[in-house]
Amino acid sequence: MSEVRAILGVPDARRKIDKNKEAWYYYHPRKYFYQYIPILGEHIGKKRVEVLEVRFSLDEVEKVTFYEANARK
């Protein structure tokens with residue numbers, strides 16, 4: 001866990017799965033090129049977020065998942 005924290009930093013969210021398992025989440029807002037247009041861009045397209053989920057089992061990385069999701073408003 002300390003190695004992951006050293007590379008990726010402090011997670012944006014954490015979830016306890018059971019007493020030996022935990023998931024850390026890292027979020028990054030996803031913007032498409034047209035969303036950079038001043039004034040108009042923030043109203044075009046859906047707001048998305050890239051998510052990196054790192055699951056630990058007994059302090060060792062068990063699984064890493066990357067996906068894109070709709071951002072909450």
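Glu53 is a good place to start in this predicted model: its relative accessible area is 9%, so this acidic residue counts as buried, the limit being under 20%. Glu53 sits in strand β3, which runs over residues 48–57. What do the side chains of Tyr25 and Glu53 form together? They are joined by a polar contact of 3.0 Å. A second polar contact, of 3.2 Å, links the side chain of Glu53 to that of Arg55. If you set aside residues up to four places away in sequence, Glu53 touches Arg15, Ala23, Trp24, Tyr25, Lys63, Val64 and Thr65.

Let's move on to another glutamate, Glu22, in strand β2 (residues 21–30). Is Glu22 buried or exposed? With a relative accessibility of 11%, Glu22 falls under the 20% limit and therefore counts as buried. Its side chain has a polar contact of 2.7 Å with the side chain of Arg14, and another of 3.0 Å with the side chain of Trp24. Beyond four places in sequence, the residues that Glu22 touches include Met1, Arg14, Arg15, Lys16 and Ile17. Val54, Arg55 and Phe56 are also among them. Arg55 thus turns up in both neighbourhoods, as a polar partner of Glu53 and as a residue touched by Glu22.

The contact with Glu22 leads us to Trp24, which also has its place in strand β2. Trp24 has a relative accessible area of 1%, so it too is buried under the 20% limit. Which residues surround Trp24, once its neighbours within four places in sequence are left aside? Trp24 is in contact with Met1, Val4, Arg5, Pro11, Ala13 and Arg14, among others. The list also includes Leu52, Glu53, Val54 and Phe56, so Glu53, our starting point, comes back into view as a neighbour of Trp24. As for Arg5, its C-alpha lies 9.8 Å from that of Trp24, with the two positions 19 residues apart in sequence numbering.

Now for the loop between β3 and β4, where β4 covers residues 60–70. Leu58 lies in this loop and has a positive phi of about 55°, although it is not a glycine. At 59% relative accessibility, over the 50% limit, Leu58 counts as exposed. Asp59 has its place in the loop as well. Its phi is positive too, at about 65°, and Asp59 is not a glycine either. Asp59 counts as exposed because its relative accessibility, 55%, is over 50%.

With these residues in mind, we can step back to the whole chain. It contains one helix and four strands, in the order α-β-β-β-β along the sequence. The radius of gyration is 16 Å, well over the 11 Å that the globule rule gives for 73 residues, so the chain is more spread out than a compact globule. Along the principal axes, the C-alpha atoms fill a box of roughly 50 × 25 × 15 Å.

What share of the 73 residues is buried? Buried residues make up 19% of the chain. The accessible surface comes to about 5900 Å², and carbon and sulfur atoms account for 55% of that area. Among contacts with a separation of 6 or more, 33% are between residues 24 or more positions apart. Finally, there are 15 positive and 11 negative side chains in the chain, and the centres of these two sets lie 7 Å apart.

Technical notes. Residues are numbered from 1 along each chain as its sequence is written. This is a predicted model: local features need pLDDT of at least 70, side-chain atom pairs count only at pLDDT 80 or more; totals for chains, interfaces and linings use all residues. Side-chain values use heavy atoms; hydrogens and water are left out. Helices (H or I, at least four residues) and strands (E, at least two) are DSSP runs, numbered from the N terminus. The radius of gyration is taken over C-alpha atoms; the globule rule is 2.2 Å times the number of residues to the power 0.38. Buried means under 20% relative accessible area, exposed over 50%, partly exposed in between (1.4 Å probe, protein chains only). Contact means heavy atoms within 4.5 Å. Accessible areas come from the Shrake-Rupley method with a 1.4 Å probe; for residues, only the protein chains shown count as cover. Lys and Arg count as positive and Asp and Glu as negative; His and the chain ends are not counted. The place of a charge is taken as NZ of Lys, CZ of Arg, CG of Asp or CD of Glu. A polar contact is a pair of N or O atoms within 3.5 Å; within protein, one must be able to donate a hydrogen and the other to accept it, and residues adjacent in sequence count only if both atoms are side-chain atoms.
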